[in-house]
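Visitor: I should like to look closely at one part of this model, the nonpolar core. Please describe what builds it and how the surrounding parts are arranged.

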Amino acid sequence: MTGKRIMSFVLIFVMVGLTIYYTFYGAQGWYSPATGQEMLLRTWEHLKLVGIAELLAIGVGISGGLLITRPGLKFLATPVTAIANVGLAIPPLALVAGVSPFFGIGPRPGIIALFIYSLLPVLRNATVGIEDIDRSVIESARGMGMSKFQIFRKIELPLALPVIVAGIRTSTILCVGTAAIAALINAGGLGQIIMRGQSVNFVALMLQGALLTAALAVTLDLLLSETEHALTPRGLQLNKETE
Amino acid sequence: MIELEGVSKVYPDGTEAVNDIDLNIGEGELCVLLGPSGCGKTTTMKMINRLIPISGGRIYIDGTDNQELNENELRRNIGYAIQEIGLFPHMTVAENIATVPSLKGWGKEKGRERAAELLDLIGMDPEEHMERYPAELSGGQRQRVGVARSLGADPPIMLMDEPFGAIDPITRDRLQDEFLKIQAEIQKTIVFVTHDINEAIKMGTKIALMKDGELVQYSSPAELLSQPKSQFVRDFVGADRTLKSMRLIQAKEAMKPSPISVHRDSDVDHVHERMKEEGVEYLMVTDEEDRFIGWVEIWDLETNEVDSITEALREDVGSVNLETPLSDALSVMLEEDVANIPVLEEDGKLEGILTFNDLQQVIGETYTEKGGGSAIPG
């Protein structure tokens, strides 16, 4: 855990450092890198894309994922998780490109594409988190006279929470990367800088966008894995240690 | 306490799991539902606390039809322990045990007190285990905590589905003994499901043997062994049912009390005379406090020059306690290659003698006397 954490800090430090370096000293001949102001703006755009798409995905994904584990809708659980798994195999590029014929270009279609892509891991993990709970735990809860709601709130939810947060983490990291591709349909964000660098064939520009995107992904991963750890009940952490 | 009247269970696909069962379980009884897998014993048990809905018939608990009660309320008043235990992994041992008390709104402090009390009862130090998580316990401890949890709110009735099924035989034996001791104290009405005939004989005050959803025989363990109602029962209890029935009888029930014995300070010639008079070849020897210390043999007194009984004494011979089951007494006899064995109190005081003939006689009586098991010869 700590080894991974140190590694993340080093990576973030190096990547942000290099980005700053290219921003101030990256000029070559008549090629100039993105200014500090533009970098901040693009980063903000990038975070907005990810933030909005992810919040929507979390809302829809968790409620949908939990809903299909309830007795009446249980028949949906298997097909939905299957679709979610297959959906993750679609290349993000195809998804981004596929959205624009229907929704045009700009930030809004970008968010729609990102939402669809981020939804799947959240949805799948919410369902799997509940389904993977040992049946005997639920049975003994029922046998002792817990109501359905009590079982959900006191047993199922706390036990599924780490898995749900892990889904959010996967989804967020994927979303940060995919948001760079959303620049293809002019959604804004750091992808715009990468694409500009590519079109004029200037490496410093490409690195500015790419390194900062990567740094964002690593930072969010770090934050969310801490959250995941904090939300894992102590009794379950022990389980992992002994396994 | 629990009455089943024509209880049936038919699943939507048409399978008849339980067919028209009548069963009357008295207060303080430990009723074992016994049978091969798929015989409907677990289904029957789960219809009592309505985990499985009933298809036909009625189940009365303390005279009230269980369908008339709120199902969660009903379950909170019936202890429930299963083979897989199903402890809540994210809760401490104390929280697990206090599950039903907390559902009943006892309050946190009272729940913790109860948890400590129950840990004491099952022989686990409360100080040490209250704050532990299930992952930190051994298999046997988890099983114990599972039983403690089912006793949480002191329910008058308990349902136990192979509660000692998933542990090694040695631990299982110990847990069974411990549980029997606890049960002697708390006197719950228990429905206990198992497929293990030995466990059934050991634990049950009554055994309900089931087959293909039907009740085949409902009787005391001794009667089940001595008077099997059908070939199926005979086969199920096994060819060694004679040996099994010996497990139900304790040495004190079969022994001859106050046997002849001599004191170790007795005169050798006097003892010799006495043995000839009584026509015995062996005699038991005791110390000042009537504790058994060994045997003397008549040959030793005749052929060897012995000055005292202590010199001729044969020590290191087998003995049994008052509570020893006859099956164990028999194996001691076979191991020691003797036909007589002293029966002692806990402190070693000589209480009686058990002979091979006594064993034969008791077994014979078990077979003729209905519900035998407390057959006392002489």
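Guide: What follows begins with the core and then turns to chain A, the contact between the chains, and the domains of chain B.

The model is a predicted one, and the description should be read accordingly. Its largest nonpolar core comprises 156 residues. Those with the most contacts inside this core are Leu114(A) and Ala182(A) from chain A, together with Val32(B), Val191(B) and Ala208(B) from chain B. Helix H7 of chain A, residues 148-181, provides the largest share of the core, namely 14 residues. From chain B, domain 1 (2-246) and domain 2 (251-367) each contribute at least three residues to this core.

Ala182(A) merits a closer view. With neighbours within four places in sequence left aside, Ala182(A) contacts Leu49(A), Val96(A), Gly110(A), Ala113(A), Leu114(A), Ala187(A), Gly189(A) and Gly191(A). One of these partners, Leu114(A), is itself listed among the core residues with the most contacts.

The setting of these residues in chain A is helical: the chain has 10 helices and zero strands. Of its 243 residues, 42% are buried. Where contacts in chain A join residues at least 6 apart in sequence, 76% of them link residues at least 24 apart. Along the principal axes, the C-alpha atoms of chain A occupy a box of roughly 75 × 45 × 25 Å.

Where chain A touches chain B, 21 residues of chain A and 22 residues of chain B take part. On the chain A side, helix H6 (135-143), H7 and helix H10 (234-242) each supply at least two residues. H7 of chain A thus appears both in this contact and as the source of the largest share of the core. By class, the chain A side consists of nine nonpolar, eight polar and four charged residues.

Chain B is assigned two domains, domain 1 (2-246) and domain 2 (251-367). Their centres, taken over C-alpha atoms, are 42 Å apart. The contact between them involves six residues of domain 1 and seven residues of domain 2. On the domain 1 side, helix H10 (221-226) and helix H12 (241-246) of chain B are the elements that give two or more residues. H12(B) accounts for the largest share of that side, with four residues. The domain 1 side contains three nonpolar and three polar residues, and no charged residues.

Key:
Residues are numbered from 1 along each chain as its sequence is written. Chains are lettered from A and ligands numbered from 1 in the order in which they are written. This is a predicted model: local features need pLDDT of at least 70, side-chain atom pairs count only at pLDDT 80 or more; totals for chains, interfaces and linings use all residues. A nonpolar core is a set of buried Ala, Val, Leu, Ile, Met, Phe, Trp, Tyr and Cys residues joined through C-beta atoms within 7 Å. A residue is buried if 20 or more other C-beta atoms lie within 10 Å of its own, exposed if 12 or fewer, and partly exposed in between; C-beta atoms are placed from the backbone. Domain bounds come from an automatic or database domain assignment. Two residues are in contact if their C-beta atoms, placed from the backbone, lie within 7 Å. Ala, Val, Leu, Ile, Met, Phe, Trp, Tyr, Cys and Pro count as nonpolar, Asp, Glu, Lys and Arg as charged, and the others, Gly among them, as polar.
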